[in-house]
Amino acid sequence: TERTLSIIKPDATRRNLTGKINAKFEEAGLRIVAQKRIHLSPAQAGQFYIVHKDRPFYGELVEFMASEPVVVQVLEGDNAIATNREVMGATNPADAAAGTIRKEFALSVGENSVHGSDAPETAREEIAFFFSGLELV
Ligand code: ATP
Ligand code: MG
């Protein structure tokens, strides 16, 4: 079993889609083992996405992620990282497969409803970024 960090982004929390998105995770066999709603500051969003600091969309991404509250969560299951990315679908909703979260809910490549860790090492770092040991059982 494995754990991954998921974020339900501002475009989705704004449209009240948390429950529908969580249902997709649970249907795919992922268990929500921690979850909270927070409003990131621009500095916190910038730190979280620091790996993208030289990409042309960095400023837009940081502004978007700090624009409204997000739901951060830890998902657990067999191959949770890959399973979650499968359920999320491609970054650009135009390329996302039918039935995926981004196909059904994303508005654009930027406002694409969810984030998911991309590897075991980033999952560990991203979980620790948002959750303390006390919040994780
Ligand atoms: P995430 O890291 O959010 O799970 P991802 O791994 O599918 O998504 P990345 O390449 O890591 O995609 O990009 C991180 C985020 O930056 C994307 O989810 C999206 O919100 C934003 N982004 C990526 N490419 C673009 C772009 N061309 N224009 C605007 N925003 C973009
Ligand atoms: Mg990514």
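Two strands are taken as paired if DSSP finds at least two bridges between them, and that criterion is the starting point for this tour of a predicted model.

Begin by selecting strand β1, residues 2-8, together with strand β3, residues 70-77: the two run antiparallel and are joined by seven bridges. At one place along this pairing, I8 stands opposite V71 in β3.

Keep β3 selected and add strand β2, residues 31-38, which also runs antiparallel to β3 and is joined to it by seven bridges. Here the residue to look for is I38, which stands opposite V70 of β3. If you now colour β3 by accessibility, you will find that the strand is mostly covered, with seven of its eight residues buried.

Next, turn to the largest nonpolar core, a set of 19 residues in which L5, I7, M65, F130 and F131 touch the most other members. Two or more residues of this core come from each of β1, α3 (42-48), α4 (58-65), β3 and α7 (120-130), and among these elements α4 gives the most, with five residues.

Within that core, centre the view on I7 and display its surroundings; leaving aside residues up to four places away in sequence, I7 touches F48, M65, V70, V71, V72, S113, V114, H115 and F130.

For the last stop, select I8, L75, V87 and F105, which are included in a second, separate core of 14 residues. I8 is already familiar from the strand pairing, where it was found opposite V71 in β3.

Methods: Residues are numbered from 1 along each chain as its sequence is written. Chains are lettered from A and ligands numbered from 1 in the order in which they are written. This is a predicted model: local features need pLDDT of at least 70, side-chain atom pairs count only at pLDDT 80 or more; totals for chains, interfaces and linings use all residues. Side-chain values use heavy atoms; hydrogens and water are left out. Buried means under 20% relative accessible area, exposed over 50%, partly exposed in between (1.4 Å probe, protein chains only). Helices (H or I, at least four residues) and strands (E, at least two) are DSSP runs, numbered from the N terminus. A nonpolar core is a set of buried Ala, Val, Leu, Ile, Met, Phe, Trp, Tyr and Cys residues joined through side-chain atoms within 4.5 Å. Contact means heavy atoms within 4.5 Å.
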